Amino acid sequence: MVSGATRLAAVVGDPIRHSLSPAILNAAFEAAGLDWLYVAFQVPEGEGRAAVDAVRTLGLGGLSVTMPHKAVAAAACDELTGVAKALGAANCLYWQGTTLCGDNTDGAGFLDALRLDEGIDPAGARCVIVGAGGAGRAVAHALGEADAGRVVIVNRSPRPAEHAARLAGPAGVVGAPHDVAGADIVVNATPLGMGTVVATDGSKPLPLDVDLLTSAQVIVDLIYDPATTPLLAAAHGRGARTVNGLGMLIHQAAHAFRRWTSEEPALEAMSAAALRQLARRTADSGY
Ligand code: NAP
């Protein structure tokens, strides 16, 4: 029951209609018995700072930030965590007293998905990240912090690749597509494989040459819809271990929940809510 005492949290982005965050975080609030409500606001590019101002004016309990506002949100916070500062991007705004702080929980969510859900520790591992946008940079930084042996960035544009490699620290280098062959862990951080990205001949494009993959590798696709991308299907067919992006999404939301409430979230309830929403989406789209 929503009352005058209900705390409001929200996500802002554009587009936002298909966000799973309301389902995931409302499930977490409900499981914890907290009088919180989480909603999505479509905020167009250029209005990100106004959205952060609204957090202050309306006294929101917390704000999730997604494309295209992460950099503007970071700039509008009073303080940033080390990772948000390094990335120049905030996806989670929270209060410390009267100070509005910005964190970036994508990298921590990625590491938790690997370590907690899959039992994989990237320390010492040879990693290749294909893609160097917001997600690729967050993963590069996280793998550097996690003491990965090597973090090779492969991206079609060289400058973002150099930036992401720097974020990984001493382990970071810019590489070429064939580097996938020598990796222990390969991460797809491009949108290639999402249902919406289709090649001109109608096929679903792959982000890398799947003939380079082996059964000794872990292949992580940050995409979670579809759950099995063409990359993951091809990797599975070659005997590789495969991980999709749902765990990262759940765990980054879990970090936000902890920031906002100082409580431990019910990860299983969050995951179940996300899967229900995805199933509903699939049913609605008529597949
Ligand atoms: P972004 O900032 O737009 O970056 C996209 C990256 O993909 C860039 O490196 C871009 O290369 C590359 N790319 C785009 N189209 C390409 C193409 N046709 N061929 C080759 N490379 C291409 O996007 P993002 O926010 O990093 O998101 C990337 C993916 O991660 C998306 O699928 C997103 O849904 C997913 N993601 C998942 C989570 C999660 O929690 N699981 C969180 C964040 C993002 P250029 O630099 O050359 O443009």
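In this predicted model, P68 lies in the loop between strand 3 and helix 3, the latter spanning residues 70–76. The peptide bond that joins M67 to P68 is cis. Its omega is about 5 degrees. A cis bond also joins D14 and P15, again with omega of about 5 degrees. P15 sits in the loop that runs from strand 1 (7–13) to helix 1.

Two further residues draw attention through their backbone angles. Most residues other than glycine have a negative phi, and most peptide bonds are trans. D147 is not a glycine, yet its phi is positive, at about 65 degrees. D147 belongs to the loop between helix 6 (134–145) and strand 8 (150–154). The relative accessibility of D147 is 57%, so D147 counts as exposed, the cut-off being over 50%. S262 is another residue other than glycine with a positive phi, here near 60 degrees. The loop between helix 9 and helix 10 (267–284) holds S262. S262 has a relative accessible area of 70% and is therefore exposed.

Strand 3 (residues 62–65) contains S64. Is S64 buried or exposed? Its relative accessibility is 10%, so S64 counts as buried; the limit for burial is under 20%. The side chain of S64 makes a polar contact of 2.6 Å with the side chain of Y38. Y38 is also one of the residues in contact with S64 once neighbours within four places in sequence are left aside. The others are A10, V11, V12, L25, N91 and W260.

Aromatic rings come next. A pair of aromatic rings is described by the distance of the centres and the angle of the planes. The count comes to three aromatic pairs. One pairing is that of F29 and F257, whose ring centres are 5.5 Å apart. Their planes meet at 35 degrees, so the pair is tilted. Stacked planes would be under 30 degrees apart, and edge-to-face planes over 60. This pair links distant parts of the chain. F29 lies in helix 1 (residues 21–32) and F257 in helix 9 (residues 246–261), with their positions 228 residues apart. Both F29 and F257 are buried. Together with W36, F29 and F257 form one aromatic cluster.

The empty space was examined as well. Rolling a probe the size of a water molecule over the atoms shows where empty space is left. How many cavities of 30 Å³ or more does the model hold? The count comes to one. The largest cavity has about 40 Å³ of space. Its lining is made up of F110, A113, V220, L222, V243, N244, G245 and M248. Six of these lining residues are nonpolar and two are polar. No charged residue lines this cavity.

The second largest pocket has a volume of about 160 Å³. R17, H18, S19, Q277, R280, R281 and D284 line this pocket. Which classes of residue make up its lining? Four of the lining residues are charged and three are polar. None is nonpolar. The lining of the largest cavity, by contrast, has six nonpolar residues and no charged ones.

Definitions and conventions:
Residues numbered from 1 in each chain as written. Predicted model: local features only at pLDDT ≥ 70, side-chain atom pairs only at ≥ 80, totals over all residues. Heavy atoms only, no water. 1 Å grid on protein atoms, 1.4 Å probe; cavity = no way out; pocket = protein on both sides within 12 Å on 5 of 7 lines; lining within 4 Å. Points joined across faces, edges and corners; volume = space filled by probe spheres on them. Nonpolar A, V, L, I, M, F, W, Y, C, P; charged D, E, K, R; others polar. Helix = DSSP H or I, 4+ residues; strand = E, 2+ residues; numbered from the N terminus. Buried < 20%, exposed > 50% of the residue type's maximum accessible area, 1.4 Å probe, protein only. Polar contact = N/O pair within 3.5 Å; in protein donor to acceptor, adjacent residues only side chain to side chain. Contact = heavy atoms within 4.5 Å. Phe/Tyr/Trp six-rings, centres within 6.5 Å; stacked < 30°, edge-to-face > 60°.
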